[in-house]
Amino acid sequence: MTIRSEIIGCGSYLPERLVTNAELSKKVDTTDEWIFSRTGIRQRHIAADGELTSDLALKAANNALEHAGITAAEVDLLILATTTPDNTFPATATKVQSQLGMVNGAAFDIQAVCSGFVYGMAIANNFIKAGQSKTVVLIGAETFSRILDWEDRTTCVLFGDGAGAVVIRAGEGGPDSPPGETGHNVGRGILSTHIHSDGSTNDLLYVDGGPSSTQTVGHVRMVGREVFRHAVTNLAGIVDEALEANGLAAEDIDWLVPHQANKRILDGTARKLGLPVEKMVVTVDRHANTSAASIPLALDEAVRDGRIKRGDLVLMEAMGGGLTWGAAMVRW
Ligand code: UT7
């Protein structure tokens with residue numbers, strides 16, 4: 001029997017407080033015009049004082065479980081992708097596990113910065129296919145606002161807070177079961193995942209603190225132009241890799257759900273694929289870059305507003321600090 005990993009629900013949460021570019025321009029030497037023209041960002045959500053990554057993660061996870069129509073009692077693995085854990089340890093995932101009322105299995109955090117969600121998809125898929133887990137909650141949650149240097153205009157305007165989650169369950173039959181009457185492959189599931197990292201570039205995007213180095217939390221530092229250059233190359237490569245692995249062409253993709261770092265990077269990827277921009281889910285204008293949360297936030301929006309439908313071919317891709325990058329091809 002072939003086991004496939006089926007996404008059976010999704011959910012998300014954004015903190016209430018909205019910060020516009022105009023508001024930021026009162027704090028640092030920037031303008032709405034600069035931010036919007038260079039990044040496509042108009043606003044971002046920022047967590048309230050005392051509102052933690054675990055709070056955001058819990059709300060997104062509950063939302064996803066409700067959407068999937070199951071309870072936490074059925075979940076046997078919880079993976080939380082985050083760069084902004086509540087504490088250095090224990091894993092924030094264990095806090096969410098207990099708040100969710102999940103009593104079986106295991107919970108752990110993973111750290112791949114903005115690629116965290118696609119790394120999580122790879123891990124969840126492999127746990128399910130190995131028969132070790134049956135129902136996984138995968139969350140991407142961040143309070144990036146806590147690690148920003150609010151005096152550094154080159155980074156503080158780019159990020160926001162938020163959380164998104166999916167519920168992934170073991171199903172029977174491979175994703176390559178015969179096409180249904182719509183012509184679409186009826187076997188839903190994760191068709192393939194692809195992850196990469198190149199540690200020689202970790203000085204391009206990093207936090208200048210940590211428990212073992214400075215014993216402080218530190219702030220985000222980025223060589224933006226260089227990261228941009230790597231993003232364009234690495235994302236084009238990973239998209240080709242995902243298509244090739246599945247014997248698919250760019251025109252087969254119904255929806256591209258990219259990590260939301262910069263509208264110019266998103267447009268570049270769509271252009272390289274020859275994919276109309278209408279087939280790409282864009283939230284960067286309203287959410288800014290929410291790191292590991294950006295893909296599940298965008299996914300949830302497009303599923304709930306009816307753009308992504310059962311049977312659609314969905315390609316997710318991301319790149320982040322490390323540098324790390326990856327993709328997941330999913331038949332919704
Ligand atoms: O999610 C993880 C992956 N991250 C990314 O993919 C981010 C990739 N990088 C980027 O998105 C872009 O490089 C940025 C949006 C960060 C910057 O855009 P850019 O077009 O590469 O600008 P730049 O860094 O080359 O800076 C151009 C100018 C500089 O001034 P000078 O040296 O030309 O006088 C900056 O000092 O813009 C200035 N600048 C700003 N001006 C107003 C930088 N930040 C700001 C700002 N407001 N907030």
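This report covers the two domains of a predicted model, the ligand held by the protein, and a few unusual backbone sites.

**Domains**

The chain is divided into two parts: domain 1 spans residues 5-170, and domain 2 spans residues 189-331. Taken over C-alpha atoms, the centres of domain 1 and domain 2 are 14 Å apart. Contact between the two involves 53 residues of domain 1 and 46 residues of domain 2.

The size of an interface is often given as the accessible area lost when the parts come together. For domain 1 and domain 2, the area buried between them is about 3,800 Å². Carbon and sulfur atoms account for 65% of that buried area. On the domain 1 side, C114, V118 and Y119 lose the most area to domain 2. Together these three residues make up 16% of what domain 1 buries.

**Ligand site**

The ligand lies between the domains, because domain 1 and domain 2 both give residues to the shell around it. That shell has 23 residues, of which T30, R38, R225, N262 and N289 come nearest to the ligand. By class, the shell consists of 11 nonpolar, 7 polar and 5 charged residues.

Four helices each supply at least two residues of the shell: α2 (32-39), α6 (153-156), α7 (224-245) and α8 (263-273). The most is given by α7, with 4 residues.

Side chains of R225, N262 and R264 each place an N or O atom within 3.5 Å of a ligand oxygen atom, as the table lists.

| Residue | Partner in the ligand | Distance |
|---|---|---|
| R225 | oxygen atom | 2.5 Å |
| N262 | oxygen atom | 2.7 Å |
| R264 | oxygen atom | 3.4 Å |

Two of these residues, R225 and N262, are also among the residues that come nearest to the ligand. On its own, the ligand has 950 Å² of accessible area, and the protein covers 77% of that area.

**Backbone sites**

Three places in the backbone deserve a separate note. The peptide bond joining F89 and P90 is cis, with omega about 0°. P90 is in the loop that runs between β4 (77-81) and α4 (92-100).

A cis peptide bond also leads from G322 to L323, where omega is near -15°. L323 belongs to the loop between β12 (313-320) and β13 (324-331).

V113 is not a glycine, yet its phi is positive, at about 50°. This residue sits in the loop between β5 (106-110) and α5 (116-129).

**Summary**

In this predicted model, domain 1 and domain 2 bury about 3,800 Å² between them, and the ligand lies between the two domains. The protein covers 77% of the accessible area that the ligand has on its own, and α7 gives the most residues to the surrounding shell.

Technical notes:
Residues numbered from 1 in each chain as written. Predicted model: local features only at pLDDT ≥ 70, side-chain atom pairs only at ≥ 80, totals over all residues. Heavy atoms only, no water. Near = heavy atom within 4 Å. Polar contact = N/O pair within 3.5 Å; in protein donor to acceptor, adjacent residues only side chain to side chain. Areas by Shrake-Rupley, 256 points an atom, 1.4 Å probe, with all protein chains shown as cover. Nonpolar A, V, L, I, M, F, W, Y, C, P; charged D, E, K, R; others polar. Domains from an automatic or database assignment. Contact = heavy atoms within 4.5 Å. Buried area = accessible area lost by both parts, 1.4 Å probe.
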